[in-house]
Amino acid sequence: MSRPSDNIDIIKNCSRCSRCRDVCPAGIDVPGMIEIYSLYKANESNETERMKILSAASVTEDCIECSTCTSCCPEKIAVMNMIRELAMHQI
Ligand code: SF4
Ligand code: SF4
């Protein structure tokens with residue numbers, strides 16, 4: 001399993017094919033969360049902005065950790081880890 005700090009690679013490697021969104025049983029717009037995750041990482045030193053960004057990712061709390069998104073990804077990206085990282089920062 002990749003560490004959360006490795007998840008930044010997701011942003012670079014995602015081809016936006018949307019397969020992960022189509023298969024998610026929780027109905028999470030996973031590619032949309034990748035965009036949010038990118039903003040989240042880009043604002044590492046701005047906690048106020050980060051809180052705003054995270055509020056748009058509250059749907060990640062619905063993730064049931066089934067790993068289907070990671071399994072179907074043609075780019076072999078550990079998508080679920082990114083979703084879990086966003087979910088862990090929800091308050
Ligand atoms: S691990 Fe979470 S985000 Fe991925 S398909 Fe399952 S419910 Fe959806
Ligand atoms: S399946 Fe992989 S490559 Fe396709 S949108 Fe999801 S994360 Fe990106």
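These legends go with a set of views of a predicted model of a protein and its two ligands.

**View 1. The whole chain is built from helices, with no strands at all.** Walk along from the N terminus and the elements read α-α-α-α-α-α, so to speak a count of six helices and zero strands. Of the protein's 91 residues, 40% count as buried. Among contacts with a separation of 6 or more, 63% link residues 24 or more positions apart. The accessible surface adds up to about 5200 Å², and carbon and sulfur atoms hold 50% of that.

**View 2. Here is the shell around ligand 1.** Four cysteines sit in this shell, namely Cys24, Cys63, Cys66 and Cys69. Pro25, Ala26, Ile64, Glu65, Ser67, Thr68, Met80 and Ile83 fill out the rest. Both α5 (68-72) and α6 (79-88) chip in at least two residues each. By type, the shell has nine nonpolar residues, two polar and one charged.

**View 3. Now the shell around ligand 2, with 13 residues.** The closest ones are Cys14, Cys17, Ser18, Cys20 and Cys73. Two elements, α2 (19-23) and α3 (30-42), give two or more residues to this shell. Sorted by type, the residues come out as eight nonpolar, two polar and three charged.

**View 4. A look at α3 by itself.** How far apart are the end C-alpha atoms of α3? They are 18 Å apart, which agrees with the 18 Å that 13 residues should span at 1.5 Å a residue. The buried residues of α3 include Val30, Pro31, Gly32, Met33, Ile34 and Ile36. Tyr37, Tyr40 and Lys41 of α3 are buried too.

Terms used:
Residues are numbered from 1 along each chain as its sequence is written. Chains are lettered from A and ligands numbered from 1 in the order in which they are written. This is a predicted model: local features need pLDDT of at least 70, side-chain atom pairs count only at pLDDT 80 or more; totals for chains, interfaces and linings use all residues. Side-chain values use heavy atoms; hydrogens and water are left out. A residue is near a molecule or strand if one of its heavy atoms lies within 4 Å of it. Helices (H or I, at least four residues) and strands (E, at least two) are DSSP runs, numbered from the N terminus. Ala, Val, Leu, Ile, Met, Phe, Trp, Tyr, Cys and Pro count as nonpolar, Asp, Glu, Lys and Arg as charged, and the others, Gly among them, as polar. The expected span of a helix is 1.5 Å times one less than its number of residues. Buried means under 20% relative accessible area, exposed over 50%, partly exposed in between (1.4 Å probe, protein chains only). Contact means heavy atoms within 4.5 Å. Accessible areas come from the Shrake-Rupley method with a 1.4 Å probe; for residues, only the protein chains shown count as cover.
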